[in-house]
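Here is a short briefing to read alongside the structure. Keep the viewer open and follow the topics one by one.

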Amino acid sequence: MCLVLPLFNKSFKLFFFGFIAFSGLDEAICRNIEACVQLADTLKSTYGPYGMNKLIINHLEKMFVTSDAAVILNELEIQHPAAKLMVFASDIQEREVGDGTSFVIILAGALLQNAEELLKMGLAPVEIVQGYELALDKALEILPNLMCTEVKDCLNEEEAVKGIRAALMSKAYGNEDFLARLIAKACILVKQEKMPFNVDNVRVTKIIGSGIDDSSIIEGMVFKRMVEGDIQKVEKATVAVFTCPFDSQMTETKGTVLIQSANELLNYSRGEETLLEQQVKEIADAGIRVIVSGGKYGDMALHYLNKYKIMAVRLQSKFDVRRLCKTVGATPLPKVCTPSKEECGFCDQVYVSEIGDTHVVIFKQENKQSRISTIVIRGSTDSLMDEFSRAVDDGVNNFKALSEDGRLVPGAGAVEIELAKQISKYGETLPGLEQYSVKKFADALESLPKALGDNAGLKSSEIISKLYAAHQEGDRSVGIDIDGEQSVKNVEKAGILDLYVTKHWGIKNALDAVNTILRVDQIVMSKPAGGPKPPQAGGGMDADDD
């Protein structure tokens with residue numbers, strides 16, 4: 001049994017017992033497009049070096065001040081299913097390249113907005129999708145020809161900085177040169193020849209105080225904590241790592257001991273102390289100078305560790321324990337015992353230092369033995385350090401992409417304008433209805449340099465016309481100059497270069513999401529689950545109703 005309500009434009013609603021369905025052009029497709037365009041408009045103002053920050057307070061009342069699209073999308077908790085498809089596309093871009101999430105969302109929003117105009121002109125969604133796919137194939141065919149330079153040796157610091165610098169400008173404008181060099185050094189330290197680069201090998205530690213110019217690199221790991229015992233510095237140390245608490249062993253079964261005198265009590269406790277001291281002495285005789293534990297240290301165990309001049313470090317995170325094992329080359333042990341030589345690690349220096357007002361324990365490897373490097377970020381506020389940390393993360397991901405594909409293309413909107421120019425010409429050669437979709441694809445590419453100009457306070461219409469004029473003359477490397485008086489310049493000479501893979505996957509992921517949304521002609525919403533609703537914040541089951 002169902003009730004059919006006829007509406008305009010051949011759309012209708014179906015009310016069933018279990019769900020509600022919206023169907024038709026106005027009910028389904030236009031609603032989806034409207035939600036996605038609103039999401040793109042939200043992120044458009046964050047694009048580029050002069051992009052604005054968003055202040056987000058999530059459901060846990062944690063505050064974020066950022067212009068990073070990946071963080072914004074994760075914390076917004078988007079409910080609309082079509083908008084979620086765009087979020088999934090940006091998430092794939094983040095995993096594949098590590099950068100370009102804003103690029104995907106803004107381009108997808110512009111493509112959908114242009115598709116809505118074509119729908120109102122009378123084109124079918126299938127015709128729009130076919131035209132967009134033709135334009136995508138043409139764009140991916142043109143893109144390799146726009147390459148201006150290639151990084152052949154990513155272990156060369158000067159070459160690596162070229163591919164990292166532009167990615168940092170959108171989050172750390174003014175500090176991109178310093179951070180790019182810092183990231184390049186940290187990545188080169190841990191990059192092993194003929195092995196894929198692992199982004200997890202470059203860690204970030206944020207210590208409040210001073211400024212970003214005081215940030216530094218440590219060849220090894222840095223932990224914001226103090227040692228447990230009295231020993232605070234060891235050189236050329238053999239390291240043992242335990243994942244369990246370092247304390248006297250507990251018996252596996254419970255027992256009852258009858259003590260009849262004070263001497264029997266002293267002898268009982270003395271036996272336990274002797275056993276623990278013997279265990280620590282065996283560890284010291286094996287040459288171990290540093291013990292790292294994933295649990296707590298007992299007071300008696302600390303006493304004997306201090307007696308035998310062994311440093312005691314406690315790490316509360318199991319992930320930190322794993323990374324430290326990777327740094328020093330140790331095997332984590334599940335119980336307190338005397339490790340063999342194969343299970344021990346080695347570290348050149350383990351010492352306590354003070355950075356600002358923060359005590360840190362540093363495991364430092366010299367002579368390029370380290371498998372992990374740490375970038376110590378300094379800053380005046382937590383939100384500022386978080387933003388620099390995200391910039392470092394983007395830079396490290398760009399280094400990974402650079403090590404796999406070193407091709408670079410001009411940035412600052414130059415590639416988008418050149419693609420728009422050539423795809424628009426390609427659209428004029430098509431005889432069918434697909435030419436309208438192809439031209440709209442070219443128009444959508446203009447939205448990215450427009451957003452760059454608008455966020456920099458420039459007149460975007462004038463800039464677009466100047467860019468087209470320069471590209472018509474044959475200069476493919478002309479992009480937006482956000483600081484200069486001419487408003488356009490040769491960005492290749494200025495060193496503003498983007499990764500080829502960022503543009504390639506950004507265009508592809510954006511169009512995949514758009515085509516999926518355009519192919520949806522019906523929205524089916526299930527009935528909400530029954531049962532009592534959870535109490536709202538501030539109230540409870542026993543709260544009085546006013």
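Serine 210 lies in the loop that links β7 to β8. In this predicted model, the phi of serine 210 is near 60 degrees, a positive value in a residue other than glycine. Most residues other than glycine have a negative phi, which makes this loop a nice place to begin.

**Residues with positive phi**

- Serine 210 has a relative accessibility of 43%, so serine 210 counts as partly exposed.
- Alanine 412 is another residue other than glycine with a positive phi, here near 55 degrees.
- Where does alanine 412 sit? Alanine 412 belongs to the loop between β16 and α12.
- Is alanine 412 buried or exposed? Alanine 412 is buried, because its relative accessible area is 14% and the cut-off for buried is under 20%.
- Glycine 457, which follows α14, also has a positive phi, near 80 degrees.

**Strand β15 and its partners**

- The loop of serine 210 joins β7 and β8, and both of these strands pair with β15: β7 in the parallel sense, β8 in the antiparallel sense.
- Strand β7, residues 202–208, is linked to β15 by seven bridges.
- Within that parallel pair, threonine 205 is found opposite valine 376 of β15.
- Strand β8, residues 216–218, is joined to β15 by three bridges.
- Which residue of β15 is the bridge partner of serine 216? The partner is valine 376, the residue that also stands opposite threonine 205.
- How much of β15 (residues 373–379) is buried? Seven of its seven residues are, so β15 is largely enclosed by the rest of the structure.
- In a regular strand the side chains alternate between the two faces of the sheet.
- In β15, Ser373, Ile375, Ile377 and Gly379 point one way, while Thr374, Val376 and Arg378 point the other way. Residues on both sides of β15 are buried.

**The open sheet of three strands**

- What is the strand order in this open sheet? The order is β6-β16-β19, and the pairing is antiparallel.
- Why do β6 and β19 each have one side without a neighbour in the sheet? Strands β6 (149–150) and β19 (497–499) stand at the edges and have a single partner strand each, so one side of each is left free of a neighbour in the sheet.
- Strand β16, residues 407–410, is joined to β19 by three bridges, and the two run antiparallel.
- In this pair, leucine 408 stands opposite leucine 499 of β19.
- Helix α17, residues 500–518, packs on the sheet and touches β16 and β19. The direction of α17 makes about 60 degrees with that of β19.

**Helices packed on α15**

- Helix α12 (residues 414–428) packs with helix α15 (residues 460–472) at an angle of about 70 degrees, and their axes are 10 Å apart.
- That angle makes α12 roughly perpendicular to α15, and the crossing is right-handed.
- On the α12 side of this contact are Ala414, Ile417, Glu418, Ala420, Lys421 and Lys425. They meet Ile464, Leu467, Tyr468, His471 and Gln472 of α15.
- Helix α14 (residues 447–455) crosses α15 at roughly 130 degrees, where the axes come within 9 Å.
- That angle makes α14 oblique to α15, and α14 also passes α15 in a right-handed crossing.
- Pro449, Lys450, Gly453 and Asp454 of α14 meet Ser460, Ile463, Ile464 and Leu467 of α15.
- Ile464 and Leu467 of α15 are thus listed in the contact with α12 and in the contact with α14.
- Helix α14 is mostly covered, with seven of its nine residues buried. Among them are Leu448, Pro449, Leu452 and Gly453.

**The chain as a whole**

- The secondary structure comprises 17 helices and 20 strands.
- The chain has 546 residues, and 49% of them count as buried.
- Among contacts between residues at least 6 apart in sequence, 73% join residues at least 24 apart.
- About 27500 Å² of the chain is exposed, and carbon and sulfur atoms supply 50% of that area.

Conventions
Residues are numbered from 1 along each chain as its sequence is written. Side-chain values use heavy atoms; hydrogens and water are left out. Two strands pair if DSSP finds at least two bridges between them. Helices (H or I, at least four residues) and strands (E, at least two) are DSSP runs, numbered from the N terminus. Contact means heavy atoms within 4.5 Å. Axes are lines fitted to C-alpha atoms, for helices over the stretch in contact, and angles run from 0 to 180 degrees between N-to-C directions. Buried means under 20% relative accessible area, exposed over 50%, partly exposed in between (1.4 Å probe, protein chains only). Accessible areas come from the Shrake-Rupley method with a 1.4 Å probe; for residues, only the protein chains shown count as cover. Angles under 35 degrees count as roughly parallel, over 145 as roughly antiparallel, 65 to 115 as roughly perpendicular and the rest as oblique. A crossing is left-handed if the near helix is turned anticlockwise from the far one by less than a right angle, and right-handed if clockwise.
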